[in-house]
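Here is a briefing on one protein chain. Please look over the model before reading the points that follow.

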Amino acid sequence: MNIKNVFKKLILLNFGVLILTAVLVFFESEEVVIFNERMFASSDVLLIISLIWVLVYIVNLYFLYNFKEVGKKIFLFLFISNLILSMFFGPSAVDPVAYVLEGLSWSANAAILVFLYFTPISKHFK
């Protein structure tokens with residue numbers, strides 16, 4: 001199989017997981033909602049930063065899909081900023097399906113990083 005096709009399918013998988021995660025937010029169980037309301041003091045600043053991050057992430061997936069050089073640089077920044085942002089949100093509860101999707105998202109992001117910096121795909125971004 002062509003490595004470019006595998007990379008593009010990985011990008012699409014990541015986008016699909018992002019969409020599924022966004023949809024699952026509306027179907028959380030009552031226990032999860034109550035726990036999160038008690039444990040997490042919602043901050044408007046963190047919410048705005050998160051929304052901006054998601055919009056930049058979606059645009060970046062488009063850049064990566066089309067092998068734009070700027071996409072490679074932005075993705076590394078987004079990956080690191082996601083790690084940092086995750087620490088500021090504190091404890092939270094999720095349903096089992098959302099938990100699996102979150103793990104799949106982290107795995108797909110790590111695979112994209114490997115493709116970007118350690119495979120011949122990196123030559124397509126120049």
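Which residues does Leu-64 touch, not counting residues up to four places away in sequence? In this predicted model, Leu-64 touches Phe-7, Ile-11, Gly-71, Lys-72, Phe-75, Ile-112, Leu-116 and Phe-125. The chain around Leu-64 has five helices and zero strands.

**Overall layout**
- The order of elements from the N terminus is α-α-α-α-α.
- The C-alpha trace spans about 50 × 30 × 20 Å along its principal axes.
- The chain has 126 residues, and 29% of them count as buried.
- Take the contacts with a sequence separation of 6 or more: residues 24 or more positions apart account for 79% of them.

**Surface and charge**
- About 8400 Å² of the chain is exposed. Carbon and sulfur atoms supply 73% of that area.
- There are 9 positive and 8 negative side chains. The centres of the two sets lie 28 Å apart.

**The nonpolar core**
- The largest nonpolar core holds 20 residues. Phe-7, Leu-64, Phe-75, Ile-112, Leu-116 and Phe-125 touch the most other members.
- Four elements give two or more residues to this core: α1 (3–24), α3, α4 and α5.
- In soluble globular proteins, nonpolar side chains tend to be buried together.
- Leu-64 is in contact with several of the best-connected core members, including Phe-7, Phe-75 and Ile-112.

**Helix α4**
- Helix α4 covers residues 69–89, which makes 21 residues.
- From first C-alpha to last, α4 reaches 31 Å, close to the 30 Å expected at 1.5 Å a residue.
- Its buried residues are Gly-71, Lys-72, Phe-75, Leu-78, Phe-79, Ser-81, Asn-82 and Leu-85.
- An α-helix has 3.6 residues a turn, so residues three or four places apart point the same way.
- The buried residues of α4 pack against α3 (44–65) and α5 (96–118).
- Gly-90 follows α4 and has a positive phi, near 75°.

**Phe-67, in a loop**
- Phe-67 lies in the loop between α3 and α4.
- Its phi is positive, about 55°, although Phe-67 is not a glycine.
- Most residues other than glycine have a negative phi.
- Is Phe-67 buried or exposed? Phe-67 counts as buried because its relative accessibility is 13%, under the 20% cut-off.

**Asn-109, a buried polar residue**
- Asn-109 is found in helix α5.
- Why does Asn-109 count as buried? Its relative accessible area is 4%, and buried means under 20%.
- Beyond its neighbours within four places in sequence, Asn-109 is in contact with Asn-14, Tyr-57, Phe-75 and Phe-79.
- Of those partners, Phe-75 and Phe-79 are buried residues of α4.

**Two residues with more accessible area**
- Ile-34 is in helix α2, residues 30–39. Ile-34 is partly exposed because its relative accessible area is 33%, which falls between the 20% and 50% cut-offs.
- Ile-34 and Ala-93 are 59 residues apart in sequence. Their C-alpha atoms are 9.5 Å apart in space.
- Leu-51 is in helix α3. Leu-51 counts as exposed because its relative accessibility is 52%, over the 50% cut-off.
- Leu-51 and Leu-113 are 62 residues apart along the chain. Their C-alpha atoms are separated by 22 Å.

Methods:
Residues are numbered from 1 along each chain as its sequence is written. This is a predicted model: local features need pLDDT of at least 70, side-chain atom pairs count only at pLDDT 80 or more; totals for chains, interfaces and linings use all residues. Side-chain values use heavy atoms; hydrogens and water are left out. Buried means under 20% relative accessible area, exposed over 50%, partly exposed in between (1.4 Å probe, protein chains only). Contact means heavy atoms within 4.5 Å. Accessible areas come from the Shrake-Rupley method with a 1.4 Å probe; for residues, only the protein chains shown count as cover. Lys and Arg count as positive and Asp and Glu as negative; His and the chain ends are not counted. The place of a charge is taken as NZ of Lys, CZ of Arg, CG of Asp or CD of Glu. The expected span of a helix is 1.5 Å times one less than its number of residues. A nonpolar core is a set of buried Ala, Val, Leu, Ile, Met, Phe, Trp, Tyr and Cys residues joined through side-chain atoms within 4.5 Å.
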